Amino acid sequence: MNKYILAIESSCDDSCVCVMDLEYNIKYEKNISQIDLHNEYGGVVPELASRSHLQYLQIILKDLAKTIDIKDIVAVSPTFAPGLIGGLLTAVGISKGICQMHGKKFIPIHHLQGHLESINIGKNDHTPYPNLTLLVSGGHCQFIYAKTFGEYEIIGKTIDDSVGEAFDKCGKTIGLRYPAGPEIEKHAINGENIDEIGRPMTEKTMNFSFSGFKTNVLNFVNKNREKLNDPIFFKNICHTIQSRLSENLGYKTRLAIDFVNKKYGKFDNFILCGGVSANQTIIKNMQNICQDYDIKLNHPPLKYSMDNAAMIAVAGVKNFKLGNYSNLDIAPQNRFNIQDLVSFYQTSINQKSTK
Ligand code: KG4
Ligand code: ZN
């Protein structure tokens, strides 16, 4: 008999399922993106997302049953927090049903712990601890120092928008569809900076703020709306958005590395993950910074920078190996600070029971 973990991710707008063995190899994987559904509304519509997750996850699980034997599943790991509550309820509800019916272990996973593990998908030798992560997605923008698996400290975060939101909102201002990050990256090639647009918050703190920059872009575009059809002008705006955001992430990253070095001593691995980590300009910038500090840069392959269930499965396997099982009364939570996982493990998990 095989030993597989079944992971389900539906915390935002992707319905994803993955089955992984205990050596972190993917045995089954399917994602159904809802981007086209939400596109016309300019962002994710929570009600539409929950209804679609319910429909799409059922389709995927029906397909999975053709190739994966339920007997080989030893535990089920849904994303339980943070995220849109309707999506979380769907994954958690389905998982609890499977665990109850088939006597499987229940291992709820924190979505950001999944993103941190996205660099380890398919690998047996994992990035060692301690390490520092810059997690940049549509919902999050934070520095997380990991002492070990499950023990995290947030050392800086956004006080308003995430950097993914900054890409998306600036993109909307210039007429791009959601999610605008990849489009801005395409249009930015060979562009030049427009000095008048300015920069995101450059205060010497490890926290981020992007809402002022978003307003700068909006004001600039409102003043120059008639030029938006000029391809060179458009390219320069995209270039400015991307380079200013990348520059800001780089500046804050140097502050964060200095802070960690001083507080905890030198560390060897830096992780860049989340949807925005697909951006090549940002990756190059981080490569240069890591080189300066003699630290290794780790980032997931493009496919796993976005939301996916394989990253949730890696976290599921690691928790399974630690015996971090939960009973079935865990409720999904739309907000959940990753730092609180330690007390969550102590109080809710480690009961080594599924019933
Ligand atoms: O991690 P993710 O798939 O979903 C969340 O958990 O939020 O991240 C989605 C975000 C969107 O804001 C999208 O615009 C951004 O990642 N993104 C990018 C790129 N690809 C995706 N931003 C900049 N450049 C990219 N190439
Ligand atoms: Zn995410």
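What follows is a chat about a predicted model and the sites, strands and loops in it.

Reader: Let's start with the metal. Which residues coordinate the zinc ion (ligand 2)?

Author: The zinc ion (ligand 2) is held by His-111 and His-115, each through NE2, and by Asp-307 through OD. The distances run from 2.1 to 2.2 Å. Keep in mind that this is a predicted model.

Reader: And what are the angles like among the four donor atoms?

Author: They span 91 to 142°, and the site is irregular. Four donors would count as tetrahedral only if all angles lay between 85 and 135 degrees.

Reader: How are the donor residues spaced in sequence?

Author: The pattern is H-x3-H-x191-D. His-111 sits in helix α4 (residues 111–117), while Asp-307 is in the loop between β11 (296–298) and α10 (310–322), so this pair ties together parts that are 196 residues apart in sequence.

Reader: Is His-111 buried or exposed?

Author: His-111 is buried, and Asp-307 is buried too.

Reader: OK, on to ligand 1. Which residues come nearest?

Author: There are 21 residues around ligand 1, and the nearest of them are Gly-138, Asp-168, Glu-185, Gly-275 and Asn-279.

Reader: Which helices each supply at least two residues of that shell?

Author: Those are α4, α5 (163–173) and α6 (181–188). Helix α4 is also where the zinc donor His-111 lies.

Reader: What about backbone atoms close to oxygen atoms of ligand 1?

Author: Three glycines can be named here. A polar backbone atom of Gly-275 is 3.0 Å from an oxygen atom of ligand 1, one of Gly-139 is at 3.1 Å, and a backbone N or O atom of Gly-164 lies 3.3 Å from a ligand oxygen.

Reader: How much of ligand 1 does the protein bury?

Author: The protein buries 93% of the 550 Å² that ligand 1 exposes when taken alone.

Reader: Switching topic: strand β7. Why is it described as largely enclosed?

Author: Strand β7 covers residues 131–136, and six of its six residues are buried, so the rest of the structure largely encloses it.

Reader: Which way do its residues point?

Author: Asn-131, Thr-133 and Leu-135 point one way, and Leu-132, Leu-134 and Val-136 point the other way. That fits a general pattern: in a regular strand, side chains alternate between the two faces of the sheet.

Reader: Which strands does β7 pair with?

Author: Strand β8 (residues 141–148) is antiparallel to β7 and joined to it by six bridges. Strand β10 (residues 269–273) pairs with β7 in the parallel sense, over five bridges.

Reader: How many residues lie between β7 and β8 in the hairpin?

Author: Four residues separate the two strands of that hairpin. Across the pairing, Leu-134 stands opposite Phe-143 in β8. On the β10 side, Leu-132 stands opposite Phe-270.

Reader: Any odd backbone geometry? Which peptide bonds are cis?

Author: One cis bond joins Ala-81 and Pro-82, with omega about -20°. Another runs from Tyr-129 to Pro-130, with omega near -5°. Pro-82 is in the loop between β4 (73–81) and α3 (85–102), and Pro-130 is in the loop between α4 and β7.

Reader: And which residues other than glycine have a positive phi?

Author: Tyr-24 is one of them, with phi near 75°, and Asp-294 is another, with phi near 60°. In general, most residues other than glycine have a negative phi. Tyr-24 is in the loop between β2 and β3 (26–33) and counts as buried at 5% relative accessibility. Asp-294, in the loop between α9 (280–293) and β11, counts as exposed at 61%.

Reader: A few loops to finish. Where is Ser-10, and what does its side chain reach?

Author: Ser-10 is in the loop between β1 (4–9) and β2 (14–21). Its side chain reaches the backbone oxygen of Gly-87 at 2.8 Å, and Ser-10 counts as buried at 0% relative accessibility.

Reader: And Gly-43, buried or exposed?

Author: Gly-43 is buried, with a relative accessible area of 17%. Its C-alpha atom is 8.7 Å from that of Asp-168, which is 125 residues away along the chain. Asp-168 also came up among the residues nearest to ligand 1.

Reader: What about Lys-204?

Author: Lys-204 counts as exposed, at 72% relative accessibility. You'll find Lys-204 in the loop between α6 and α7 (211–223).

Technical notes: Residues numbered from 1 in each chain as written. Chains lettered and ligands numbered in written order. Predicted model: local features only at pLDDT ≥ 70, side-chain atom pairs only at ≥ 80, totals over all residues. Heavy atoms only, no water. Donors = N, O, S within 2.8 Å, 3.2 Å for Na, K, Ca; no water. Tetrahedral: all angles 85-135°; square planar, octahedral: opposite > 155°, others 65-115°. Buried < 20%, exposed > 50% of the residue type's maximum accessible area, 1.4 Å probe, protein only. Pairing = 2+ DSSP bridges. Near = heavy atom within 4 Å. Polar contact = N/O pair within 3.5 Å; in protein donor to acceptor, adjacent residues only side chain to side chain. Areas by Shrake-Rupley, 256 points an atom, 1.4 Å probe, with all protein chains shown as cover.
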